[in-house]
Every structure is written in C-alpha cells, then in structure tokens.
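Subject: Structure for you to look at, with notes

Dear colleague,

I am passing on the structure we spoke about, and my notes on it follow below. Please read them with the model open beside you.

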Amino acid sequence: MKNEAVICDREWKIKEECGVFGIIGKEPCDVARKIYFGLFALQHRGQESAGIAVSYQRTKVAYYKNLGLVNDVFGDEELKLLPDSKVGVGHVRYSTTGTNNVVNAQPVVFYGKLGRMALAHNGNVINADKIKYDMMKCGHIFQSSTDSEVISARINYRIQDKNVVDGVIEACEEFKGAFSLVIMAEERLIAVRDRLGLKPLVLGQTPEGEYVVASESCALDAVGAIIVRDIEPGEVLTIDTDGNMESRYLKNIDKKACIFEYVYLARSDSVIDGVSVYDARYECGRMLAELYKIDADLVSGVPDSALVCAKGYSDVSGLPMVDAITKNRYVGRTFIQPSQSMRENTVSIKLNAFRNNIKGKRIVLIDDSIVRGTTSKKIVDLLKKNGAKEVHMIIGSPIVSYPCFFGVDMQTKEQLIGSKLSKDEICKAIGADSLNYIPIEYLKKACGGQGFCCACFDGIYPEEVEQEDLDKFMFE
C-alpha cells in the first residue's frame with residue numbers, strides 16, 4: 001500500500017528533443033496512420049505539437065498539425081482528411097527555438113522551386129538567425145520564429161536546375177549545429193544527419209517493403225519495421241518510391257553524437273548508432289555499484305529513465321530493487337514546457353511514495369541526472385517525509401556544468417546547479433545523505449566508446465559557439 005504525496009514540480013527535468021518520422025513506398029496506402037503510430041512512439045521527444053504531411057498526385061501535399069499530444073491532435077477524422085499516399089513525414093515538437101504556437105508546429109510545408117515540399121527537423125541550428133537576417137535583407141519573408149523554417153527557406157534558395165539534393169547539400173553545408181531532417185519532395189524522401197551526428201536518425205524497412213526514417217528505432221517497432229542501419233553523420237540519403245537509394249555526404253564529418261541521448265533523452269528500448277540504450281544504462285548501473293558501495297537496505301530508481309540503471313546497480317550490489325516512488329502516468333512528461341515561467345506556474349507533477357516500502361529504510365536512489373536540482377530536492381524530501389531513514393543519491397551521468405546549444409534545454413549556466421556548486425554543496429542543497437556521479441570516461445565506455453559530444457559535462461563543444469549566438473540563447 002502506498003502513501004500518496006504530491007510534488008508540484010514545475011520543471012520536471014529538462015525539455016526533450018523533437019522527433020521526426022518519414023516513410024516511402026511503391027504503392028499508395030494510408031501512410032498517415034503509419035506516421036501516427038510512429039509519432040506516438042516518439043511522443044517522449046516532444047509534447048507541444050504534432051503534425052503529419054503526405055504527398056498526393058505527385059506535386060500536391062496535404063497536411064495537418066496542431067498543438068498538443070499526438071492522440072489529441074489526431075483522431076480518426078483528422079487522419080481521414082489525409083489521402084492515401086506513397087510518402088509522408090511527421091513531427092513531434094518541443095520549442096528549442098521559437099515560441100509554442102501552431103505557426104511553429106511542424107512539418108514545415110511550403111511552395112518552393114519544385115512545388116510543394118515538407119520538412120521535419122530535430123535539433124538546433126545555431127547560426128539560423130544570421131542566415132535568416134541575410135535572407136530577409138534580400139526580400140525573403142518568414143512566417144514563424146523557428147530555425148526549421150530557415151532551413152526550409154535556405155534549401156529552397158539553394159535549389160538550382162531542379163536538383164533538390166544539390167540544394168539540400170549546399171544549404172546544409174552552411175548550417176552550424178544539430179539537425180536531423182526528413183524532407184519530402186517530388187515523391188522522394190530525403191534524410192539528412194548533420195556532419196557531427198549530434199542527433200540520432202535511423203533507417204528501417206516494413207514487411208511491405210516501405211522504407212522508414214525515424215529519430216529512434218522504437219518508432220520503427222511501432223510500424224513493424226526492422227532496423228536496416230543508422231543514417232551516418234553527414235549523410236544525405238535520398239529514397240524514391242521504387243526503393244532506389246543514393247547517399248551523398250557533407251564535408252568535414254566528425255562524429256560527436258549527443259551522449260545525453262543514452263543518459264536520458266532516448267527511450268530505453270531504442271538502439272542508437274548500434275548501441276542499445278537499455279544496455280548502456282544497465283552497464284552504467286553495474287559500474288556505479290562497483291564504484292560506490294553504499295551501506296543501505298534497498299536500491300530504487302527515479303521513474304522512468306533511471307530504472308534500468310537502478311537494476312544494474314541492484315544486480316551487482318546485491319541490494320534488492322524496491323519501488324520507492326511512482327509517477328502518475330497520465331500526467332506525462334510534463335516538464336516539456338517552452339519556458340521556465342510555465343514550468344513554475346502551470347504544471348503539477350504528482351509523485352507518490354510507497355511508504356510501506358521505505359519506512360525506516362536506508363535507500364540508494366538512482367537518477368539519470370541532476371540539472372536544476374529542484375526536482376532532486378523535492379524527491380529526497382518526499383522520501384524522508386514518508387519514513388526513509390537515509391537517502392543516498394547516485395547519478396548515472398557526470399555533473400551537468402555547462403549549457404547546451406544544440407537542441408537540449410540547458411542553454412544558460414544560471415539554470416544549472418552543477419555550474420555553481422560543488423558535489424558536496426549539491427548534496428547539501430538537495431538534502432541527500434550522500435551524492436555520487438559516474439565519471440565521464442565510465443559513461444563513454446558504457447555507451448560504446450568514443451565519438452560523443454559531452455559538452456554539458458566537460459565544456460568541450462563540437463562546434464564554436466560565437467558570442468552573438470550565446471547572447472541569443474540568453475535572451476530566449
């Protein structure tokens with residue numbers, strides 16, 4: 001029996017990424033419904049808006065997008081509005097750049113040099129404002145405040161002699177930052193991953209022979225597709241309706257995949273760049289048990305992303321894994337809000353403590369990260385108010401000390417408790433009896449080795465971030 005307690009945490013963790021999904025096949029079918037299932041599997045990556053665009057009669061595009069969760073935006077009637085098609089793209093969003101309104105929802109659908117096109121984007125192009133300003137001086141008009149519209153406009157601007165792929169490559173060579181794209185043009189699907197491979201993108205195939213591109217492999221599972229391979233860093237992959245593929249590559253490829261995908265962002269059942277997210281988190285737990293031997297009665301994980309890490313710790317340490325807290329599943333990952341004020345004023349996250357499980361117990365509590373610190377403080381307080389004798393926190397990532405400018409909502413040092421306080425000071429601030437983090441080299445090893453962006457932990461950015469870009473992020 002559990003004793004209910006409420007945590008009104010207006011900033012549960014950090015904002016996610018976005019999720020993109022594209023599909024192409026030989027015969028027209030209800031691709032909108034398949035995209036819907038794919039987006040539903042990617043819902044954890046964005047909860048502000050959802051959208052689907054499909055091509056029909058070769059040059060026409062039908063689309064629908066709105067604010068809200070996938071199953072709120074799309075009912076049966078909305079899906080029936082989208083005609084059968086050979087190709088379509090979809091998107092779930094949180095606002096890295098741009099405000100949360102329907103104008104900024106994706107996919108971006110536009111009339112271009114080749115007629116109707118649609119684009120869905122995950123990431124953050126840090127020089128988008130410069131490109132936008134230059135284009136506006138030349139007379140270009142923009143409807144939204146997103147970098148995704150800038151990407152679309154620049155691609156269209158660079159298209160010459162009716163060659164869309166050349167336009168995509170020329171435009172992407174100009175972009176700095178993170179971008180995984182799925183583009184629909186002329187009944188072709190174009191998948192692009194930035195030269196650093198910061199954001200994941202995977203290729204799959206359905207039993208019917210359709211090719212699918214998605215942010216995570218869990219979306220392939222949702223439509224019965226098997227993994228073919230990951231889109232490589234810097235790759236521009238074009239697929240036509242006959243299943244023909246052509247790969248071209250951007251210049252200066254240097255893989256620096258976001259390691260925070262494995263720590264927290266991705267679903268645990270996904271596979272990214274050939275590495276199981278579940279296995280990476282489990283291995284982190286095993287390593288933590290070897291590093292930090294705590295005299296305690298039980299181990300528990302903060303739901304949901306830390307549960308696998310807690311299992312690894314339990315299996316090695318011999319401490320039983322026991323539920324200490326549970327999250328109201330119907331609230332969702334409501335920390336995904338477009339501003340700190342909304343996190344602080346509009347959202348209540350309800351966590352319940354299992355009082356009978358923890359009363360009088362010394363708990364090893366595993367979490368994936370501590371970003372702002374307010375959530376950890378309230379969880380520790382909740383456990384102790386419900387009878388826990390001691391709470392020893394162990395974190396499956398290093399201290400988050402530096403802001404991220406590439407699509408994760410950690411854009412200023414002021415947001416990060418690790419940029420201001422030492423480990424012992426953080427421990428005191430959150431009220432834990434002890435606090436330990438996994439060393440960065442152990443985390444890299446658990447995630448498959450090298451080739452990662454760990455800038456939020458070590459301050460080594462994969463691309464130079466200029467002062468005016470920093471000022472923009474500070475302003476936003």
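Where is the place of Val400? Val400 lies in the loop between strand S21 (390-395) and helix H14 (423-430), where helices (H or I, at least four residues) and strands (E, at least two) are DSSP runs, numbered from the N terminus.

Before going further, please note that this is a predicted model, in which local features need pLDDT of at least 70 and side-chain atom pairs count only at pLDDT 80 or more, while totals for chains, interfaces and linings use all residues. Residues are numbered from 1 along each chain as its sequence is written, and side-chain values use heavy atoms, with hydrogens and water left out.

Val400 has a relative accessible area of 0% and is therefore buried, a word that means under 20% relative accessible area, with exposed meaning over 50% and partly exposed in between (1.4 Å probe, protein chains only). Leaving aside neighbours within four places in sequence, Val400 is in contact (heavy atoms within 4.5 Å) with Phe260, Ile370, Met410, Leu416, Gly418, Ser419, Cys456 and Phe457. From Val400 to Phe457 there are 57 residues in sequence, yet the C-alpha to C-alpha separation in space is 5.0 Å.

S21 also appears in the surroundings of helix H10 (residues 307-317), whose buried residues pack against helix H9 (277-291), strand S17 (298-301), strand S20 (362-367) and S21. Those buried residues are Val308, Cys309, Ala310, Gly312, Tyr313 and Ser314, and just after H10, Gly318 takes a positive phi of about 85 degrees.

Turning to the sheet, 6 strands form an open sheet in the order S5-S6-S7-S8-S12-S13, with antiparallel pairing (two strands pair if DSSP finds at least two bridges between them). Its edge strands, each pairing on one side only, are S5 (108-112) and S13 (245-249). Within the sheet, S8 (residues 188-193) and S12 (residues 235-240) pair in the antiparallel sense over 5 bridges, and the bridge partners in S12 are Ile239 for Leu189 and Thr238 for Ile190. S12 and S13 are likewise antiparallel, over 5 bridges, and Val236 has Arg248 in S13 as its bridge partner. These two strands, S12 and S13, form a hairpin with 4 residues between them, and Gly243 in the turn has a positive phi of about 85 degrees. S12 is mostly covered, in that 5 of its 6 residues are buried.

Finally, there is a helix pair to look at. Helix H5 (residues 147-158) and helix H6 (residues 164-174) pack at an angle of about 125 degrees, with their axes 7 Å apart; axes are lines fitted to C-alpha atoms, for helices over the stretch in contact, and angles run from 0 to 180 degrees between N-to-C directions. H5 and H6 are therefore oblique to each other, since angles under 35 degrees count as roughly parallel, over 145 as roughly antiparallel, 65 to 115 as roughly perpendicular and the rest as oblique. The contact is made by Arg154, Ile155 and Arg158 of H5 and by Gly167, Val168, Glu170, Ala171 and Glu174 of H6.

With best regards
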